[in-house]
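Please report on the fold, surface charge and backbone of this protein chain. Keep it brief.

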Amino acid sequence: MSKALWERFADRFKNKETLARKFSQLAELRNSIRHSRTVDDITRKEGEAALAWFEKVLAK
């Protein structure tokens, strides 16, 4: 998401802050699973929503 490369992805992702938030939600879920921590409902649902968002955006 660096400034130098953002122009290549801006048309697809539109908003840098939204993209960063979705990556963060996905990372939280991934890290919890990877490190064998309990995943609460909110973390799971936010991670699943982030995956759904990426699927929708990348399918365009």
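## Fold and overall build

Buried residues make up 27% of the 60 residues in the protein chain. Buried means under 20% relative accessible area, exposed means over 50%, and partly exposed lies in between (1.4 Å probe, protein chains only). This is a predicted model: local features need pLDDT of at least 70, side-chain atom pairs count only at pLDDT 80 or more, and totals for chains, interfaces and linings use all residues. Residues are numbered from 1 along each chain as its sequence is written, and side-chain values use heavy atoms, with hydrogens and water left out.

The protein chain has three helices and zero strands. Its order along the sequence is α-α-α. Helices (H or I, at least four residues) and strands (E, at least two) are DSSP runs, numbered from the N terminus. The C-alpha trace spans about 40 × 20 × 15 Å along its principal axes.

Contact means heavy atoms within 4.5 Å. Of the contacts between residues at least 6 apart in sequence, 43% join residues at least 24 apart. One residue with such neighbours to list is Q25, in helix α2 (residues 16–34). Q25 is buried because its relative accessible area is 16%. Leaving out residues up to four places away in sequence, Q25 touches E46, G47 and A50.

## Surface and charge

The protein chain exposes about 4800 Å², and carbon and sulfur atoms supply 52% of that area. Accessible areas come from the Shrake-Rupley method with a 1.4 Å probe; for residues, only the protein chains shown count as cover.

The protein chain carries 14 positive and 9 negative charges, and their mean positions are 5 Å apart. Lys and Arg count as positive and Asp and Glu as negative, while His and the chain ends are not counted. Each charge is placed at NZ of Lys, CZ of Arg, CG of Asp or CD of Glu.

Two charged patches deserve a look. E28, D40, D41 and E46 form a negative one on the surface. R12, K14, K56 and K60 form a positive one. Patches are made of residues with over 30% relative accessible area and no salt bridge; like charges are joined within 9 Å, and nonpolar side chains (Val, Leu, Ile, Met, Phe, Trp, Tyr) within 5 Å. A salt bridge is a side-chain nitrogen of Lys or Arg within 4 Å of a carboxyl oxygen of Asp or Glu.

In the negative patch, D41 lies in helix α3 (residues 41–59). In the positive patch, K14 sits in the loop between α1 (3–13) and α2. K60 belongs to the segment after α3. The C-alpha atoms of K60 and E46 are separated by 22 Å, with the two residues 14 apart along the chain.

The table lists exposed residues with their relative accessibility.

| Residue | Relative accessibility |
|---|---|
| D41 | 57% |
| K14 | 63% |
| K60 | 66% |
| S36 | 68% |

## Backbone

Most residues other than glycine have a negative phi, and most peptide bonds are trans. Which phi value does K14 have? Phi of K14 is near 65°, a positive value in a residue other than glycine. S36 also is not a glycine, and its phi is positive at about 55°. S36 is in the loop between α2 and α3. K14 is in the loop between α1 and α2. K14 counts as exposed because its relative accessibility is 63%. S36 counts as exposed because its relative accessibility is 68%.
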